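Reader: I would be grateful for a close look at a single part of this model, with its side-chain contacts and strand pairing set out in a connected way. Please then place that part among the comparable contacts found elsewhere.

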Amino acid sequence: MKTMIERLYTNRAALKFAPLLILLLAVASCSNDDDDDDNLGNWVDRSVLDGTPRSSAAAFTIGNKGYMGTGFDGDDYLKDFWEYDIEGDFWRQLADYPGIERSSAVGFTANGDGFVGLGFDGDDELDDFYRYNVGANRWDSIAPFGGAPRRGAAAFNSATAGYVGTGYDGDNDRKDFWKYDPAADRWTELVGFGGTKRRDATSFTIGDKVYFGTGESNGLDQTDFWVFDTNEERWTALLDLDDDDDYRVARSNAVGFSIGDRGYIACGESGLGSVSSVWEYNPSTDLWDEKTAYEGIARRGAIGFSTGGRAFLALGSSATLYLDDNREFFPFEEEEEDD
């Protein structure tokens, strides 16, 4: 079969236009390449966890340190706890979590302390909570969660309070949210969330706004998406995660994090298995763009550390494989597979 240029050369009248056509085709090709930014974003290998590979751990970030513990390694539920030094790129084991071994717990921060609670011990859903004092490397029990015991809940925080909600209580998916006041050691139920029930949702924080969505209920990925104003403690509905036919954001057991003025949802599971795709959210437009997929194996139940300027995704599981790897994301760099 002749190419377009060959066909032109068979026509003497068109011969003089061939160089111009070649130039136009070249320009068009370069233009298409410049417009294709699907591969923008780069994942860089960082120090792997020194401890047991795991999925469904609890995590939080304070300053330039990430904290992670509990989880499930395929055989056992865990209670060891670790610190990841973001600047030094190394892990250090800390005092064990004092509660029973568990997975699918939640973590948040408030007033410079970390908080971990809820989860599943293999038999029951849990409602206990503990405060971690970073300076003393010490755990103290706090008031039990105000709602029903549960696993697969979501948690986030303001500077002075924690918020925990949704999840699975052993019989039903939930949609209630509760506020924890560390000064009073008290849980108070919040009202105003108009979204659906779900488990294994995720969130990310930009400034004083928390963006919340994903998760599953009744075997379906949930597509509603919300923003929570931590100053006014008010929920507002945003565009659904399937508002555009090209979006593939909806999933469960994903990781949410922010870098600068953008939010990200990465990895998780949808349909028949784990996914590695990464989507970037622009709060000024309420729109999503796909970024470079996570460069490790597709996974669910991973953890994320985010300082606001840097973000890391680590651990998780894929089928029967439990993972201990760790990577940092650079959303505006070109992909380099060998770094």
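Author:
**A salt bridge and its setting**

Arg174 and Asp169 are joined through their side chains by a salt bridge, with 3.1 Å from N to O. The model is a predicted one. The two partners differ in exposure: Asp169 has a relative accessible area of 17% and is therefore buried, as this value is under the 20% cut-off. Arg174, at 25% relative accessibility, counts as partly exposed.

The strands of this part come next. Strand β11 (residues 162-168) pairs with β12 in the antiparallel sense, over six bridges. Within that pairing, Tyr163 stands opposite Lys179 in β12. The hairpin of β11 and β12 has four residues between the strands, and Gly170 takes a positive phi near 100 degrees there.

Strand β12 itself covers residues 173-181 and includes Asp176. What is the exposure of Asp176? Asp176 is buried, at a relative accessible area of 12%. The side chain of Asp176 also has a polar partner: a contact of 2.9 Å joins it to the side chain of Trp178.

Strand β12 also pairs with β13; these two run antiparallel and are joined by five bridges. Asp181 has Arg186 as its bridge partner in β13. The hairpin of β12 and β13 again has four residues between the strands, and in this case it is Asp185 that takes a positive phi, near 50 degrees.

Charge and ring also meet in this part. Tyr168 has the charged end of Arg199 over its ring, 4.0 Å from the ring centre. In another such arrangement, the charged end of Arg151 sits over the ring of Phe120, 4.0 Å from its centre.

The other salt bridges offer a basis for comparison. The whole count comes to 27 salt bridges. One of them links Glu83 to Arg92, with 3.3 Å between the closest N and O atoms. Here Glu83 is buried at 6% relative accessibility, whereas Arg92 is partly exposed with a relative accessible area of 41%. Another joins the side chains of Glu232 and Arg234, at 2.8 Å from N to O. Glu232, at 51% relative accessibility, counts as exposed, and Arg234 is partly exposed, with a relative accessible area of 41%. Asp45, Arg299, Asp325 and Arg327 form one network, joined by salt bridges that share partners.

Aromatic contacts are the next topic. A search of the whole structure finds 50 aromatic pairs. Among them is the tilted pair of Phe60 and Phe81, with 6.0 Å from centre to centre and 35 degrees between the planes. Phe60 lies in strand β2 (residues 58-62) and Phe81 in strand β4 (residues 81-85), so this pair ties together parts that are 21 residues apart in sequence. Both rings belong to buried residues: Phe60 has a relative accessible area of 4%, and Phe81 counts as buried at 0%. The rings of Phe193 and Trp235, for their part, have centres 4.8 Å apart and planes at 55 degrees, so they too form a tilted pair. Distant parts of the chain are linked by this pair, 42 residues apart: Phe193 is in the loop between β13 (186-190) and β14 (202-206), and Trp235 is in strand β19 (residues 234-237). Phe193 and Trp235 are both buried.

Which cluster includes Tyr163? Ring pairs link Tyr163 with Phe156, Phe177, Phe193, Phe212, Trp226, Phe228 and Trp235. Tyr163, already noted opposite Lys179 in β12, thus connects the strand pairing described above with this cluster.

A sheet elsewhere in the model completes the account. Four strands form an open sheet in the order β6-β7-β8-β9, with antiparallel pairing. Its edge strands are β6 (106-110) and β9 (138-141), each pairing on one side only. From one strand to the next, the twist averages 25 degrees. Five bridges hold the antiparallel pairing of β6 with strand β7 (residues 113-117), and Val106 has Gly117 as its bridge partner in β7.

Notes. Residues are numbered from 1 along each chain as its sequence is written. This is a predicted model: local features need pLDDT of at least 70, side-chain atom pairs count only at pLDDT 80 or more; totals for chains, interfaces and linings use all residues. Side-chain values use heavy atoms; hydrogens and water are left out. A salt bridge is a side-chain nitrogen of Lys or Arg within 4 Å of a carboxyl oxygen of Asp or Glu. Buried means under 20% relative accessible area, exposed over 50%, partly exposed in between (1.4 Å probe, protein chains only). Rings of Phe, Tyr and Trp (its six-membered ring) pair if their centres lie within 6.5 Å; planes under 30 degrees apart count as stacked, over 60 as edge-to-face and the rest as tilted. A charge sits over a ring if NZ of Lys or CZ of Arg is within 6 Å of the ring centre and within 35 degrees of the ring normal. Two strands pair if DSSP finds at least two bridges between them. Axes are lines fitted to C-alpha atoms, for helices over the stretch in contact, and angles run from 0 to 180 degrees between N-to-C directions. A polar contact is a pair of N or O atoms within 3.5 Å; within protein, one must be able to donate a hydrogen and the other to accept it, and residues adjacent in sequence count only if both atoms are side-chain atoms.
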